Amino acid sequence: MGHHHEKHIAVILAAGKGTRFKSKKPKVVHKILGKPMIHYISLAVRWSNPDKVIYVVGHEKQQVIKAINCLNCTYVEQKDQLGTGHAVAVTKPYWENFDGIVMIVNGDLPLVEGETLKNAVKYMEALMRFEGAPTEGGENYRNEKIAGVVLTTKVPNPLGYGRVIKDKNHRIIKIVEEKDATYEEQKIDEINTGIYLFYAPYLKQVIDKLENKNAQKEYYLTDVIQLLNETGKEVYALLVPDYTQFIGVNDRWDLSKAENILRMKYLQFWSYAGATFHNPETVYIEFDVELSPDVEIYQGVSLKGGTSIGEDTVIEENCLIKNSKIGRNVKVLKGSIIEDSVIQDNAVIGPYARIRNNSVIKENAHIGNFVEVKNSTVGENTSAKHLSYLGDAEIGKDVNIGAGTITCNYDGFQKHKTVIKDKAFIGSDTMLVAPVTVGEEAITGSGSVITKDIPDKALGIERAQMKIIENYAEKRKKRDKND
Ligand code: UD1
Ligand code: CA
């Protein structure tokens, strides 16, 4: 009764090559904040709640389908890319018997917000449904003249976009492409965003009538408007004020601009969620990253993949963190790199540390400057503060790793494991030739090459006897004179 929602089907155009990208890869798989460009428009479309999502794919379609990564979506192949009108025509079998709205969206619009598409559907429904008040009995009157809505926007520089020519009532007379526009038409600053809603039964009547008599010899989707007008149907412009949502990404510089806009939008989101950014213009945070309140991030930081950062953690200048889980109150000091690893609460990392390949740094541990940790576990309260390589090692708690310690984990053929038990003390410049185990509370002498297991509480030392030669400086001087 009364208020019911029209169904809608969404069609996303993603068959084009993206010639202007000058790339081996299709345009829509190029990444923005770590996700294929097509991901963002897909999210926005889904937000509008369509009954069905259809992608038109063609050029390198397997790559595109993989990037879209949607199981319950429909993929329709457009073998030759003859234009946006042709792309929609190949989807006709999927909506020709549908009594509702077909929403068509260009695949190269990563900045469009879900809310914008939702509102567009509501607007189209409203235009279609009412001509004045609901009629008696609660059934809405259908305005049979309404064929479509095109989202338009006014841009500072309309170069390259289709210009929207409309009458005083926002009814669109036609859309002219840049290359077909007269000098006067080129001055129009209201552009076609590449987002359309059509009433399916009317679109069906005209979609096969498009011709390609234009500058680009393409079947333009935009030409359906004139065809609809000729049959007495009406298409209206919905002018959206925020033009930044509608940057069409045609080349790599557009991609960079779009990424910057999205990046700032997400930084703003995290900022409102409780994170502080110093010099946010230089901070790069990918789509899947999660931040907690009271996180503080300094300039030049990159957070990539599925990284998450716990409360009160500080990340200093120029750190790179990828696919890692950082706990609460951690300090990641300047210039550190953390990949595919876990850093637990209250740990201190860096400056200039590198932690990678499934390493786990436990609570309160301290990995200092120029220390590399690979595929290793470092226990609670353990510190390795200077110039070390810890690879394939299992290190207990309260261990002290002296400066210059190295796990010699590779014999040229295989990697071997080093085990260092709780409270061990590794003297500076120890070489731990793996496989080897250092027992609990065991000690190694500085500069030792450890090739045998050290029992609990024992000292392992490997060092030539040190000699003292008295008065050596004087002897040397005499020798020089005799020469
Ligand atoms: C299009 C519009 C233009 C609008 C602009 C907004 C037309 C004729 N022009 O121009 O009015 O201002 O978008 O950004 O529609 N595609 C296919 N198959 C094809 C051709 C294109 O799937 O045969 C896809 C592309 O992959 C792309 C989208 O359609 O995602 C738009 O195509 P593109 O060539 O970028 O159109 P524009 O020249 O930008
Ligand atoms: Ca485009």
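## Cis peptide bonds

Proline 435 lies in the loop that connects strand S35 (431-433) with S36. In this predicted model, the peptide bond leading from alanine 434 into proline 435 is cis, and its omega is near 0 degrees.

A cis peptide bond also runs from glycine 350 to proline 351, here with omega near 5 degrees. Proline 351 belongs to the loop between strand S24 (348-349) and strand S25 (354-356).

## A positive phi at asparagine 329

Asparagine 329 is not a glycine, yet its phi is positive, at about 50 degrees. The residue is placed in the loop between S20 and strand S21 (331-332).

## The open sheet

Strand S20, which precedes the loop of asparagine 329, is a member of an open sheet of 9 strands. The strand order is S14-S17-S20-S23-S26-S28-S30-S33-S36, and the pairing is parallel. At the edges stand strand S14 (290-291) and strand S36 (436-438), each of which pairs on one side only. The edge strand S36 also bounds the loop that holds proline 435.

Within this sheet, strand S17 (residues 308-309) and strand S20 (residues 325-326) run parallel and are joined by 2 bridges. Isoleucine 309 is positioned opposite isoleucine 326 of S20.

## The surroundings of ligand 1

Ligand 1 occupies the largest pocket. The elements contributing two or more residues to its shell are strand S1 (8-14), helix H3 (84-89) and strand S10 (190-199). Of these, S10 gives the most, with 3 residues.

In total, 24 residues surround ligand 1, and the closest are Gln78, Gly83, Thr84, Glu177 and Asn192. By class, the shell comprises 8 nonpolar, 12 polar and 4 charged residues.

## Polar contacts and burial of ligand 1

Both backbone and side-chain atoms of the protein approach oxygen atoms of ligand 1. For leucine 82, a backbone N or O atom is 3.3 Å from a ligand oxygen atom. For glycine 107, a polar backbone atom lies 3.2 Å from an oxygen atom of ligand 1. Asparagine 250 takes part through its side chain, a polar atom of which is 3.4 Å from an oxygen atom of the ligand.

How much of the area that ligand 1 exposes when taken alone does the protein bury? Taken alone, ligand 1 exposes 760 Å², and the protein buries 91% of that area.

Technical notes:
Residues numbered from 1 in each chain as written. Chains lettered and ligands numbered in written order. Predicted model: local features only at pLDDT ≥ 70, side-chain atom pairs only at ≥ 80, totals over all residues. Heavy atoms only, no water. Near = heavy atom within 4 Å. Polar contact = N/O pair within 3.5 Å; in protein donor to acceptor, adjacent residues only side chain to side chain. Areas by Shrake-Rupley, 256 points an atom, 1.4 Å probe, with all protein chains shown as cover. 1 Å grid on protein atoms, 1.4 Å probe; cavity = no way out; pocket = protein on both sides within 12 Å on 5 of 7 lines; lining within 4 Å. Sits in = over half its atoms within 2 Å of the grid points. Helix = DSSP H or I, 4+ residues; strand = E, 2+ residues; numbered from the N terminus. Nonpolar A, V, L, I, M, F, W, Y, C, P; charged D, E, K, R; others polar. Pairing = 2+ DSSP bridges.
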